[in-house]
Amino acid sequence: MWRNIIKLSSSSVVPAAPLSRLLHVGQRASLTKTFSFRHVELFAELTGDTNPLHVDPAYASTTSFETPIVHGVLINGLISAVLGTKMPGPGCVFLHQEIRFLAPLYVGEEVLAEAEVLKIKMAFAFISVRCSVKDKVVMEGEVMVMMPEEHKK
């Protein structure tokens, strides 16, 4: 009870604003990114995923993709960025994901990563995610995150 009262001076007190969730069903966040060939090379170096489909233009030219494509996990990293920096934001913990890669993302294409809150249950948010280039969806799915303390109120 005392947490809901703010003391303004020695002679007056007022009730604090009611606690409310900072995250709501239907809330959205997004970001855009264009991956360069250097980004793909750095990711391959960091992870050891040197699949020539991603890092060797000569090899990629012999495949149905014709040119190098961005690693799927690198694309998924944009979703992590949206969740960790925008919504729910710093302090959230990524717990579960189900994603599908529907089309390739080519080096140099600008991708839009989007997230929308579908459901909130106790300390958990269930969020729809999608990465697209114009009308082409390259990745979509659902994730579950544990919200930061200030979002649980």
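Does Arg38 count as buried, partly exposed or exposed, and at what relative accessibility? In this predicted model, Arg38 counts as partly exposed, at 45% relative accessibility.

**Helix α1.** Select Arg38 together with Glu41. Both residues lie in helix α1, three residues apart, or about one turn of the helix. Their side chains meet in a salt bridge, with an N to O distance of 3.6 Å. Glu41 is likewise partly exposed, its relative accessible area being 31%.

**The sheet.** Next, display the strands in the order β3-β5-β6-β7-β4, which form an open sheet of five strands with antiparallel pairing. β3 (28-34) and β4 (93-101) stand at the edges with a single partner strand each, so one side of each has no neighbour in the sheet. On average, neighbouring strands are turned by 20° against each other, direction ignored.

**From one edge to the other.** Begin at β3, which pairs with β5 (residues 110-121) over seven antiparallel bridges; Thr32 has Leu112 in β5 as its bridge partner. Proceed to β6 and β7, which run antiparallel and are joined by 10 bridges. One pair to pick out is Val129 with its bridge partner Gly141 in β7. These two strands form a hairpin with two residues between them, and Lys134 in the turn has a positive phi of about 55°. Finish at β4, which pairs with β7 in the antiparallel sense over eight bridges.

**Salt bridges across strands.** Select Glu116 and Arg28, whose closest N and O atoms are 3.0 Å apart in a salt bridge. Glu116 is in strand β5 and Arg28 in strand β3, 88 residues apart. Glu116 counts as partly exposed at 24% relative accessibility, whereas Arg28 counts as exposed at 59%. Then move to Glu142 and Arg100, where the salt bridge has an N to O distance of 3.2 Å. Glu142 lies in strand β7 and Arg100 in strand β4, so this pair ties together parts that are 42 residues apart in sequence. Add Glu140 to the selection: Arg100, Glu140 and Glu142 are linked in a network of salt bridges.

**Helix α4 and the core.** Select helix α4 (residues 72-85), which lies across β3, β4, β5, β6 and β7 and runs at about 55° to β5. Then show the largest nonpolar core, of 31 residues, where Leu83, Leu105, Val111, Ile127, Cys131 and Val138 touch the most other members. The elements giving two or more residues to this core are β3, α1, α4, β5, β6 and β7; the largest share, six residues, comes from α4. Lastly, centre the view on Val111, whose contacts include Leu31, Phe35, Leu78, Leu105, Cys131 and Val138.

Technical notes
Residues numbered from 1 in each chain as written. Predicted model: local features only at pLDDT ≥ 70, side-chain atom pairs only at ≥ 80, totals over all residues. Heavy atoms only, no water. Pairing = 2+ DSSP bridges. Helix = DSSP H or I, 4+ residues; strand = E, 2+ residues; numbered from the N terminus. Axes fitted to C-alpha atoms, helices over the stretch in contact; angles between N-to-C directions. Contact = heavy atoms within 4.5 Å. Core = buried A, V, L, I, M, F, W, Y, C linked by side-chain atoms within 4.5 Å. Buried < 20%, exposed > 50% of the residue type's maximum accessible area, 1.4 Å probe, protein only. Salt bridge = Lys/Arg side-chain N within 4 Å of Asp/Glu carboxyl O. Lists of a residue's contacts leave out its neighbours within four places in sequence.
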